[in-house]
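Reader: I would like a close look at a single part of this model, with its surroundings described carefully and then set in the context of the whole chain. Please take one covered helix and work outward from there.

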Amino acid sequence: LTALFGSAVWAADERPVAGKGEAAYWLPLLALYSGARLEELGQLRLSDIGPETYLAADDSEAVATVFRIVEDEADGLTVKNAGSVRRVPVHPELIRLGFLRYVEGLRAEGEKWLFPDLDPDRDGTRTAAWSKWYGRWLRTKAKVTDKRVTFHSFRHSFKHYARQVGIAPDVQNEITGHDTGDIADDYGGLSYPLHPLVEAMERYRVPGFTPPAPPPAYRSPV
């Protein structure tokens, strides 16, 4: 993580052409702080991101910003399985780094997609070419040569650190959209109580890792 986020995309605000603009910066951070799959993140629309009201521990109303991972045939959105449909609270670290400012900037420009520079391939996969770029960057620029380390490693890392801070297994699975085959998995998704998910995100951290500094105001605040 130190090697990756110490490389030029995050340390020097470089935006390589093949990295597709801000996708280069945000996709790895979103994966680290959500455990979501690459294509789940790459196919997010701005309409999938927004505030949601929920009941806090004291039964008062609270609001959290979430992103919703859904299936939508009209827009070519797919999920791995039924348990993958869910909403994930935006981690406080992402908010600190300016993720919501980035989202609002895109909305002000009339964009539809969270990463408008990603183009679907012939199969409709928006992150296929980006994934190849990331693999090259990881090996040649970040100097992470262990071939076992890939983008999917963020998903494993999230599970590992979630366990380390004591997040309950069912909450972990709900955040990551992991289907265990248990019948209880059928009672999650978009109807799962939001409070335990928000609480888990507030607890989640990566010990010993210093996140990058917030990027410059590459989009005007709204």
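**Helix α9 and its surroundings**

Author: In this predicted model, the buried residues of α9 are covered by elements that include β3 (86–89), α8 and α10 (194–203). Helix α9 itself spans residues 169–176, and six of its eight residues are buried, which leaves the helix mostly covered. The buried residues are Val171, Gln172, Asn173, Glu174, Ile175 and Thr176. Directly after α9 comes Gly177, with a positive phi near 70°.

Positive phi values also appear in this chain at residues that are not glycine, and they deserve a separate look. In general, most residues other than glycine have a negative phi. Lys20, although not a glycine, has a positive phi of about 60°, and its place is in the loop between α2 (8–11) and α3. Because its relative accessibility is 28%, Lys20 counts as partly exposed. Lys143, also not a glycine, has a positive phi of about 65° and is found in the loop between α7 and α8 (153–164). Lys143 has a relative accessibility of 61%, so it counts as exposed.

The loop that holds Lys20 leads to α3, and this helix makes a useful companion to α9. Helix α3 is mostly covered, with 10 of its 10 residues buried; they are Ala23, Ala24, Tyr25, Trp26, Leu27, Pro28, Leu29, Leu30, Ala31 and Leu32. Two packed helices are described by the angle between their axes and the distance between the axes. For α3 (residues 23–32) and α7 (residues 128–140), the axes come within 12 Å and cross at roughly 85°. Because angles of 65 to 115 degrees count as roughly perpendicular, α3 is roughly perpendicular to α7. On the α3 side, the residues that meet α7 are Ala23, Ala24, Leu27 and Pro28, while α7 contributes Trp130, Trp133 and Tyr134. Sorted by class, this contact of α3 with α7 holds seven nonpolar residues, no polar residues and no charged residues.

In soluble globular proteins, nonpolar side chains tend to be buried together. Here the largest nonpolar core has 65 residues, and Trp26, Phe99 and Leu114 are those with the most contacts inside it. Helix α3 supplies the largest share of this core, with nine residues. Leu114 can serve to trace the surroundings of one such residue: leaving aside its neighbours within four places in sequence, Leu114 is in contact with Leu30, Leu44, Arg45, Leu46, Ile49, Phe99, Tyr102, Val103 and Leu106. Two of these names have already come up, since Leu30 is one of the buried residues of α3 and Phe99 is listed with Leu114 among the residues with the most contacts inside the core.

The end of α3 also brings in the segment after α10, which is where Phe209 has its place. Phe209 counts as buried because its relative accessibility is 11%. With neighbours within four places in sequence left aside, Phe209 is in contact with Leu1, Thr2, Phe5, Leu32 and Tyr33, and Leu32 among these is a buried residue of α3. The C-alpha atoms of Phe209 and Trp137, by comparison, are separated by 20 Å, and the two residues are 72 residues apart along the chain.

Pro216 likewise has its place in the segment after α10, but with 42% relative accessibility it counts as partly exposed. Not counting residues up to four places away in sequence, Pro216 touches Asp13 and Arg101. Pro216 and Asp13 are 203 residues apart along the chain, yet their C-alpha atoms are separated by 8.0 Å.

These details fit within the following overall description. The chain has 10 helices and three strands, and from the N terminus on its elements run α-α-α-α-β-β-β-α-α-α-α-α-α. Of the contacts in the chain with a separation of 6 or more, 66% are between residues 24 or more positions apart. Buried residues make up 48% of the 222 residues, and along the principal axes the C-alpha atoms fill a box of roughly 45 × 40 × 35 Å. A compact globule with 222 residues would have a radius of gyration near 17 Å, and the chain has 17 Å, so the two agree.

Conventions. Residues are numbered from 1 along each chain as its sequence is written. This is a predicted model: local features need pLDDT of at least 70, side-chain atom pairs count only at pLDDT 80 or more; totals for chains, interfaces and linings use all residues. Side-chain values use heavy atoms; hydrogens and water are left out. Axes are lines fitted to C-alpha atoms, for helices over the stretch in contact, and angles run from 0 to 180 degrees between N-to-C directions. Helices (H or I, at least four residues) and strands (E, at least two) are DSSP runs, numbered from the N terminus. Angles under 35 degrees count as roughly parallel, over 145 as roughly antiparallel, 65 to 115 as roughly perpendicular and the rest as oblique. Contact means heavy atoms within 4.5 Å. Ala, Val, Leu, Ile, Met, Phe, Trp, Tyr, Cys and Pro count as nonpolar, Asp, Glu, Lys and Arg as charged, and the others, Gly among them, as polar. A nonpolar core is a set of buried Ala, Val, Leu, Ile, Met, Phe, Trp, Tyr and Cys residues joined through side-chain atoms within 4.5 Å. Buried means under 20% relative accessible area, exposed over 50%, partly exposed in between (1.4 Å probe, protein chains only). The radius of gyration is taken over C-alpha atoms; the globule rule is 2.2 Å times the number of residues to the power 0.38.
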